[in-house]
Amino acid sequence: MNSPWDVRYANQEALYGKEPNAFLAQTLPEFKVGSILLPCDGEGRNGLFAARQGWEVHAFDGSQVGVKTAERWASEAGVKMHCTVCDAFDFVPVQAFDVVGLFYAHMPPDQRAEFHVRAMNWLKPGGTLLLEGFHVDQLQFHSGGPRNESMLFTPEMLAQDFIELDISQNEFLQVSLDEGPLHQGRASVVRFVGTKK
Ligand SMILES: C[S@@+](CC[C@H](N)C(=O)[O-])C[C@H]1O[C@@H](n2cnc3c(N)ncnc32)[C@H](O)[C@@H]1O
C-alpha cells in the first residue's frame with residue numbers, strides 16, 4: 001500500500017457503497033450502449049453498473065487496493081471490466097470513448113483544469129462527458145468531499161474548463177447522498193453533461 005486511498009480502501013470495503021452514483025444510473029441508460037471510461041473509479045461501483053448494462057467498461061484509479069476490489073466485484077458479478085492502476089496524469093488510453101464519467105474526481109487546484117482537458121481528449125468526437133462532484137457550497141455540510149474549497153466545483157468553473165464541449169447540463173443542486181459511509185446526507189453538488197463537437 002502506498003497511498004492514503006489505499007489505506008482507506010483497505011480499512012473498509014464499499015466506502016462509497018456498491019450501488020452506482022444516482023446521476024450515472026439515471027443518465028447512462030439515455031445513451032446508446034458503447035464504450036465508457038471511468039477515471040478515478042475507486043472500488044468500481046460505477047464501472048460495475050455500466051458493465052451490467054452491457055457497456056464496454058474501462059476504469060482506472062491510483063489506488064491498487066481500490067482497483068483490486070473493482071476486479072473482484074466484476075468477477076463476482078460475472079461481468080468484464082478493464083481495470084488499471086494508474087495515475088490520471090500518466091493514463092494513456094488505447095482507444096477513445098463514447099462516454100467518460102467523472103464521479104467525485106476532485107484534483108488539487110493546480111491540476112484540475114489539465115485533468116479536465118485530458119478527460120475531454122479521452123472522448124470520441126460526438127462522445128459525452130458526465131460529471132458529478134461537490135460544489136464549493138458543500139463546505140457547510142459534513143456529508144463527504146474535500147474540506148478544501150479550492151478542490152471543489154462551481155458551474156462557472158466547469159463551463160470554463162469544458163469550453164470545448166456542447167454543454168447540455170451544468171447545474172448546482174442539493175441532493176441527499178446515500179453512497180456508503182463516506183457520502184451520507186444532504187450535499188451540494190454540480191451535475192454536468194457535455195458533448196464533444
Ligand atoms: C472520492 S473517491 C471516488 C471514487 C469513485 N469515483 C466513486 O465515485 O465511487 C476519489 C478517487 O479518486 C482517486 N484519485 C484521486 N486522485 C487520483 C489521481 N491523480 N489519479 C488516479 N486516481 C486518483 C482516488 O484513489 C479515489 O479512489
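Setting aside neighbours within four places in sequence, Ile36 is in contact with Ala50, Trp55, Val57, Phe97, Asp98, Val99 and Gly101. Here, contact means that two C-beta atoms, placed from the backbone, lie within 7 Å. This is a predicted model, where local features need pLDDT of at least 70, side-chain atom pairs count only at pLDDT 80 or more, and totals for chains, interfaces and linings use all residues. Residues are numbered from 1 along each chain as its sequence is written.

Ile36 also belongs to the largest nonpolar core, which has 45 residues; Ile36, Val57, Val100 and Leu129 touch the most other members. Such a core is a set of buried Ala, Val, Leu, Ile, Met, Phe, Trp, Tyr and Cys residues joined through C-beta atoms within 7 Å. In soluble globular proteins, nonpolar side chains tend to be buried together.

Now to two backbone surprises. Most residues other than glycine have a negative phi. The table shows two with a positive one.

| Residue | Phi | Loop between | C-beta neighbours inside 10 Å |
|---|---|---|---|
| Ala14 | about 60 degrees | helix 1 (4-11) and helix 2 (22-27) | 17, partly exposed |
| Cys40 | near 55 degrees | strand 1 (35-39) and helix 3 (45-52) | 25, buried |

Buried means 20 or more other C-beta atoms within 10 Å of a residue's own, exposed 12 or fewer, and partly exposed in between, with C-beta atoms placed from the backbone. Helices (H or I, at least four residues) and strands (E, at least two) are DSSP runs, numbered from the N terminus.

Cys40 appears again at the ligand: of the 17 residues around the ligand, Trp5, Cys40, Gly42, Gly62 and Ala88 come nearest. A residue counts as near if its C-beta atom, placed from the backbone, lies within 6 Å.
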